[in-house]
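Got your viewer open and a selection tool handy? Load the model below and let's walk through it stop by stop.

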Amino acid sequence: MRKRKELYDNGADWVTHSSIQRGPEDTRAWREQWGKPVTLDEMGYEGNIDAGWGNLTPQDMVRRRWDGVVRGGYVTHGECYLADGDVLWWAKAGALQGDSTPPP
């Protein structure tokens, strides 16, 4: 089992908010510990690549974001779909491809 890295102490006076690259489970505890907004930047990506972090279903993507919001966090959305020509959307930008965040 891979050991989890220690989180930076976001309680320092000069830190205005945290930017976390983990799931939402500890969001409430982090908010209480640091007394600052918690931004959940990389909880995984909706996508179709082999890496576990890059092949979330649309439903799992929405569930993770919902969990982060109800725990008091600010969440981001990301996709990691392999397109024609072996181009990853997250690296080259373009139109969103997934179903968890339909276009307006």
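Start by colouring the whole chain by relative accessible area: of its 104 residues, 34% are buried. Keep in mind as you click around that this is a predicted model. Switch on the surface next, and you're looking at about 7,200 Å² of accessible area, with carbon and sulfur atoms supplying 52% of it.

Now go to cartoon view. You should find 3 helices and 7 strands, and tracing the chain along its sequence gives β-α-β-β-α-β-β-β-β-α. If you like contact maps, pull one up: among contacts with a separation of 6 or more, 38% join residues 24 or more positions apart.

Next, select Gly35. Which elements does the loop holding Gly35 connect? Helix 1 (27–34) comes before this loop, and strand 2 (38–40) follows it. Is Gly35 buried or exposed? Its relative accessible area is 63%, and the cut-off for exposed is over 50%, so Gly35 counts as exposed. While you're there, add His17 to the selection and check the C-alpha distance: Gly35 and His17 sit 18 residues apart along the chain, with 8.9 Å between their C-alpha atoms.

Last stop: select residues 58–70, which form helix 2, and pick out Trp66 within that helix. Trp66 has a relative accessibility of 57%, so this side of the 50% cut-off it is exposed too. Now add Val69 and Val70 to your Trp66 selection and show the surface: these three make a nonpolar patch of about 310 Å².

Notes
Residues numbered from 1 in each chain as written. Predicted model: local features only at pLDDT ≥ 70, side-chain atom pairs only at ≥ 80, totals over all residues. Heavy atoms only, no water. Helix = DSSP H or I, 4+ residues; strand = E, 2+ residues; numbered from the N terminus. Buried < 20%, exposed > 50% of the residue type's maximum accessible area, 1.4 Å probe, protein only. Contact = heavy atoms within 4.5 Å. Areas by Shrake-Rupley, 256 points an atom, 1.4 Å probe, with all protein chains shown as cover. Patch = residues over 30% accessible without salt bridge, like charges linked within 9 Å, V, L, I, M, F, W, Y side chains within 5 Å. Salt bridge = Lys/Arg side-chain N within 4 Å of Asp/Glu carboxyl O.
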